[in-house]
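Visitor: I would like to go through this structure with you, starting with its pockets. Could you first set out the terms?

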Amino acid sequence: MKINKNLVLVGMMGSGKSSIGKILSKKLEFEFVDTDNKIEELEKKTISEIFKKNGEKYFRNIEEVISLKYLKLDGKVIALGGGGYINPSIRKYVLKNCISIWLNWKNETLINRIKNSKKRPLAIKLGSSELQKLITIRSSMYNLSDYKINCDKLDKKQIVEKIINIYENS
Ligand code: S3P
């Protein structure tokens with residue numbers, strides 16, 4: 001029987017992993033998994049509440065457990081949190097077993113989307129220049145993924161088409 005490798009979307013906060021992931025999952029008829037949503041369901045708290053009440057380290061530990069749990073299943077479209085792929089265990093697993101796609105955008109686009117987002121505890125506490133630095137550091141890791149899509153000049157439909165094309169030919 002053919003095993004459908006998981007299709008994993010990586011990239012910064014605000015890169016569209018969840019919205020693109022949902023469309024992809026319908027087209028591919030795969031289940032969609034957003035690791036942040038799974039963490040919120042498990043903890044019965046929002047990501048912001050988890051950061052506030054338990055701290056980032058606690059969040060990162062659950063992020064690792066939850067991400068690996070779903071990555072180990074097949075036939076899913078998985079949107080990792082922006083910091084998920086920075087975790088070496090998660091990244092190593094994805095690189096070995098999944099098809100990973102980096103949704104890359106210009107720094108400016110990302111910063112405008114996330115800088116005042118109340119849903120994103122990390123973004124709310126960082127100013128534009130710190131976000132710029134974070135994007136630069138993380139990009140070297142996102143760049144390790146199997147494929148990179150430069151999204152700025154594409155609409156959602158075109159991004160989805162590119163990803164389906166990559167997945168079906170990989
Ligand atoms: C984070 C990104 C968020 C969420 C958390 C931390 C990060 O997910 O996991 O706020 O470190 O980049 P999205 O990328 O889905 O916003």
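Guide: On a 1 Å grid over the protein atoms alone, a pocket is an open set of points with protein on both sides within 12 Å along at least five of seven lines, whereas a cavity is a set where a 1.4 Å probe fits but cannot get out; lining residues have an atom within 4 Å of a point. Grid points are joined across faces, edges and corners, and a volume is the space filled by probe spheres set on the points. This is a predicted model, in which local features need pLDDT of at least 70 and side-chain atom pairs count only at pLDDT 80 or more, while totals for chains, interfaces and linings use all residues. Residues are numbered from 1 along each chain as its sequence is written, and side-chain values use heavy atoms, with hydrogens and water left out.

Visitor: What volume does the largest pocket have?
Guide: Its volume is about 560 Å³. The lining has 29 residues, of which M13, D36, I47, K119 and R120 are the closest to the centre.

Visitor: Which element supplies the largest share of that lining?
Guide: Helix α2 does, with four residues. Helices (H or I, at least four residues) and strands (E, at least two) are DSSP runs, numbered from the N terminus.

Visitor: How do the lining residues divide by character?
Guide: Eight are nonpolar, 12 polar and nine charged. Here Ala, Val, Leu, Ile, Met, Phe, Trp, Tyr, Cys and Pro count as nonpolar, Asp, Glu, Lys and Arg as charged, and the others, Gly among them, as polar.

Visitor: Turning to the strands, which residues of β3 are buried?
Guide: K76 and I78 on one side and V77 and A79 on the other are all buried, so both faces of β3 (residues 76–79) are covered. Buried means under 20% relative accessible area, exposed over 50%, and partly exposed in between, with a 1.4 Å probe and protein chains only.

Visitor: And how many bridges join β2 to β3?
Guide: Four, in the parallel sense; two strands pair if DSSP finds at least two bridges between them. Strand β1 pairs with β3 in the parallel sense over three bridges. I78 stands opposite V8 and is also the bridge partner of V33.

Visitor: What about T46: where is it placed?
Guide: T46 is in the loop between α2 and α3. T46 counts as partly exposed because its relative accessible area is 37%.
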